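Biologist: I'm new to this model and would like a close look at a single part of it. Please pick one place, tell me what packs against what there, and then work outwards.

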Amino acid sequence: MHDNIEIGNCREEDLGEIMTIEQASFAGPWSYELFVKEILNPASLFLVVRHSSTQKSIVGYIVCWLVADELQIQRIAVRGDMRKRGIASMLLREAIKYSLNANIAKATLEVRSSNRAAIGLYEKFGFSTSGIRKGYYSNPSEDALIMWAEMGNI
């Protein structure tokens with residue numbers, strides 16, 4: 001499976017496929033315009049996974065912000081038919097590798113408290129829950145877990 005995989009920067013021509021994944025993955029999907037802003041944002045790390053043996057090539061993406069000494073993970077999603085194949089781990093590993101090269105000391109994110117798969121992924125990478133944002137999400141209303149990791153421990 002990983003033989004036909006390539007991780008690279010997002011291009012605007014990737015956004016059609018990204019929007020399909022985004023809308024299927026999140027109750028509150030980001031807009032096309034917001035993704036365009038992320039491509040142009042110098043503080044944003046926006047990576048995609050391309051898979052050459054599938055009809056649509058974009059199978060996952062991650063959007064992170066590099067702010068001061070923090071990696072702030074904003075979005076990570078994998079196309080439904082390509083989940084459970086290690087793609088989210090590959091994206092997270094690549095973002096962490098990039099961050100370590102940029103001397104980033106820690107990483108943070110928010111995740112729905114019911115999203116056990118994502119929480120398990122983040123814990124595998126050394127993230128732990130440090131707080132809760134009550135009612136952070138809508139559609140449906142749900143708390144967010146605030147998770148942190150020290151880059152030296154990942």
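Modeller: Happy to! One term first: a crossing of two helices is left-handed if the near helix is turned anticlockwise from the far one by less than a right angle, and right-handed if clockwise. Helices (H or I, at least four residues) and strands (E, at least two) are DSSP runs, numbered from the N terminus.

Please keep in mind that this is a predicted model, in which local features need pLDDT of at least 70 and side-chain atom pairs count only at pLDDT 80 or more, while totals for chains, interfaces and linings use all residues. Residues are numbered from 1 along each chain as its sequence is written, and side-chain values use heavy atoms, with hydrogens and water left out.

Let's start with helix 1 and helix 2. Their axes lie 11 Å apart and make an angle of about 125°; axes here are lines fitted to C-alpha atoms, for helices over the stretch in contact, and angles run from 0 to 180 degrees between N-to-C directions. Angles under 35 degrees count as roughly parallel, over 145 as roughly antiparallel, 65 to 115 as roughly perpendicular and the rest as oblique. Helix 1 and helix 2 are therefore oblique to each other. Helix 1 passes helix 2 in a right-handed crossing. On the helix 1 side, the contact (heavy atoms within 4.5 Å) is made by Leu 15, Ile 18, Met 19 and Glu 22, and on the helix 2 side by Tyr 32, Phe 35, Val 36 and Ile 39. By class, that contact has seven nonpolar residues, no polar ones and one charged. Here Ala, Val, Leu, Ile, Met, Phe, Trp, Tyr, Cys and Pro count as nonpolar, Asp, Glu, Lys and Arg as charged, and the others, Gly among them, as polar.

Now look at helix 2 by itself, with buried meaning under 20% relative accessible area, exposed over 50%, and partly exposed in between (1.4 Å probe, protein chains only). Within residues 32-40, Phe 35, Val 36 and Glu 38 are buried. These three sit on the same side of helix 2, because they cover an arc of only 155° around its axis; the arc is that of the directions from the helix axis to the C-beta atoms. An α-helix has 3.6 residues a turn, so residues three or four places apart point the same way. The cover over the buried residues of helix 2 includes helix 1 (15-25), strand 2 (44-51) and strand 3 (58-67). Turned away from that buried side is a face with the exposed residues Glu 33, Lys 37 and Leu 40.

The loop between helix 1 and helix 2 holds Trp 30. Trp 30 counts as buried because its relative accessibility is 14%. Setting aside neighbours within four places in sequence, Trp 30 is in contact with Met 19, Glu 22, Phe 35, Glu 38, Val 63, Gln 74 and Arg 75. Trp 30 and Arg 75 are 45 residues apart along the chain, yet their C-alpha atoms are separated by 9.4 Å.

From strand 2, let's pick Val 48. With a relative accessible area of 0%, Val 48 is buried. Apart from neighbours within four places in sequence, its contacts include Ile 18, Ile 58, Tyr 61 and Leu 91. The C-alpha atoms of Val 48 and Val 78 lie 9.6 Å apart, with the two positions 30 residues apart in sequence.

Moving outwards, helix 3 (residues 87-101) and helix 4 (residues 116-124) pack at an angle of about 45°, their axes 11 Å apart. That angle makes helix 3 oblique to helix 4. The contact brings together Ala 88, Ser 89 and Leu 92 of helix 3 with Leu 121, Tyr 122 and Lys 124 of helix 4. Four of these residues are nonpolar, one is polar and one is charged.

Helix 3 is also the place of Ser 99, which counts as buried at 0% relative accessibility. Not counting residues up to four places away in sequence, Ser 99 touches Leu 66, Leu 71, Ile 104 and Met 151.

The loop between helix 3 and strand 5 (106-112) contains Asn 103. Asn 103 has a positive phi, near 60°, although it is a residue other than glycine, and at 67% relative accessibility Asn 103 counts as exposed.
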